[in-house]
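Trainee: I would like to learn how to read a model like this one. Where should we begin?

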Amino acid sequence: MKIGWRWIKSLPLASRLFLSHLVVMMVGVLSFIIISRISSPRFFFLHLERLENEGLDLIDVRTDLVQGFDIAWRRSTLLSVLVGATAAGGLSYWVSRRIVLRLLEMEQITQRYAAGQLNARWPKSEIPELNRLGVSFNRMAASLEGVEARRRELIGDMTHELRTPLTVVRGYLEELADGGIEASPDIYLRLVRETKRLERLVNDLQELSKAEAGYLPINIQPVNLLPLLESLVLRFADQLLEDGPLLQLECPPHLPLALADIDRVEQVLVNLLGNAVRHTTSGFITIRASSEKFKIWIAVIDTGMGIVAEDLPHVFERFWRADKSRDRHSGGTGIGLTISRRLVELQGGEIKVESDFGKGSTFSFSLPLA
């Protein structure tokens, strides 16, 4: 018994389906034969008795009639079983093949996907359950394809960005080792500056990878943003020179509560204010907060160099810089705005930019009202 059960468990799905159909068919046929064998003679005898009661003399031919009925019943039953079993077996085989064919297609597609063909997709099926499975697989495949594409882009961008500070550090170290330059505090400060930039770049890349993968912890709760805005104004005002831009806050005294993570909002504002300070030498930097029906909008407005219109669609891309003449030593890592956009999206908001080249820029983002 155990050997037979193990043999059945080792069968492929098509054979199992076909075998299950055959078992169901055999049960149906046996039920038909047993019930008809028990009930048919009784019904036939009742029919003969009714004919005799109506005056027909069937005594001499009764035995022949019963034998003839029995022979006819056997032949018709045999013929019915043969024809029915053949038709049912053929149909069961066809249905089993149709079901397994789609599963074999899925196996081939998953093998292609595992081999690196990330554009492989499962076609539609006329079987609703398999079709839903295919839709789920295609959704998963599209998501993984996007993750893989972002991973490759991130590795390429990261390699490009790391190459510059590493080349500078190696160049100074080789010159120091060969005696081409003399060691001095200025040389050491340059090396420290490059290593700090490498550290900052690595930290930002780690933050970006978590943000794009959705792994950053976001603690959404009702928060009052006014104390945060006031503290940021005080913090960044200390960094501005006397002849630099004036930092100011425009906010209603009773700002509605927002549904947000206060630490992530601060991170976004620090990125936006840092960019504004770096690109604004005079004029104003304004933090403006306002509310509408379902949102709170926070804007960082500066009178700096601005961004040309054709560059605006690329502002939130990784490692993109508006001023191509600025080298990588003059500012941030180039992914602060990318991180900011993802942090805003994780909190249910949106971020946008408006700019007039030579006159300034406005970066604004929204957060849901509590």
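**Reading the model, from surface to core**

Mentor: Begin with the overall surface: the protein chain exposes about 23,000 Å², and carbon and sulfur atoms supply 60% of it. Keep in mind that this is a predicted model.

Trainee: How many helices and strands are there in the protein chain?

Mentor: The chain has 8 helices and 7 strands. Of its 370 residues, 31% count as buried. Contacts can also be sorted by distance along the sequence: among those between residues at least 6 apart, 68% join residues at least 24 apart.

Trainee: Which residues make the nonpolar surface patch?

Mentor: Leu 78, Leu 79, Leu 82 and Val 83 make a nonpolar patch of about 400 Å². Leu 78 belongs to helix α3, which spans residues 62–114.

Trainee: Is Leu 78 buried or exposed?

Mentor: A residue is called exposed when its relative accessible area is over 50%, and buried when it is under 20%. Leu 78 counts as exposed because its relative accessibility is 52%.

Trainee: And what about Leu 343: buried or exposed?

Mentor: Leu 343 has a relative accessible area of 0%, so this residue is buried. Its place is in helix α8, residues 336–346.

Trainee: With which residues is Leu 343 in contact, leaving aside neighbours within four places in sequence?

Mentor: Those contacts are with Leu 216, Arg 264, Gln 267 and Val 268. For a distance between backbone positions, take Leu 208 and Leu 343: they are 135 residues apart along the chain, and their C-alpha atoms are separated by 9.5 Å.

Trainee: Now the strands. Why is strand β5 described as largely enclosed by the rest of the structure?

Mentor: Apply the burial test to each residue of the strand. Strand β5 covers residues 295–302, and 7 of its 8 residues are buried, so the rest of the structure largely encloses it.

Trainee: In what sense do β4 and β5 pair, and over how many bridges?

Mentor: To read a pairing, look for its direction and its bridges. Strand β4, residues 284–291, pairs with β5 in the antiparallel sense over 7 bridges. One of the bridge partners to look up is Asp 302 in β5, which is matched with Ile 285. The two strands form a hairpin, with 3 residues between β4 and β5.

Trainee: How many bridges join β5 to strand β7?

Mentor: There are 8 bridges between β5 and β7, the latter being residues 360–368, and these strands run antiparallel. Here Ile 296 has Leu 367 in β7 as its bridge partner.

Technical notes
Residues are numbered from 1 along each chain as its sequence is written. This is a predicted model: local features need pLDDT of at least 70, side-chain atom pairs count only at pLDDT 80 or more; totals for chains, interfaces and linings use all residues. Side-chain values use heavy atoms; hydrogens and water are left out. Patches are made of residues with over 30% relative accessible area and no salt bridge: like charges are joined within 9 Å, nonpolar side chains (Val, Leu, Ile, Met, Phe, Trp, Tyr) within 5 Å. Accessible areas come from the Shrake-Rupley method with a 1.4 Å probe; for residues, only the protein chains shown count as cover. A salt bridge is a side-chain nitrogen of Lys or Arg within 4 Å of a carboxyl oxygen of Asp or Glu. Helices (H or I, at least four residues) and strands (E, at least two) are DSSP runs, numbered from the N terminus. Buried means under 20% relative accessible area, exposed over 50%, partly exposed in between (1.4 Å probe, protein chains only). Contact means heavy atoms within 4.5 Å. Two strands pair if DSSP finds at least two bridges between them.
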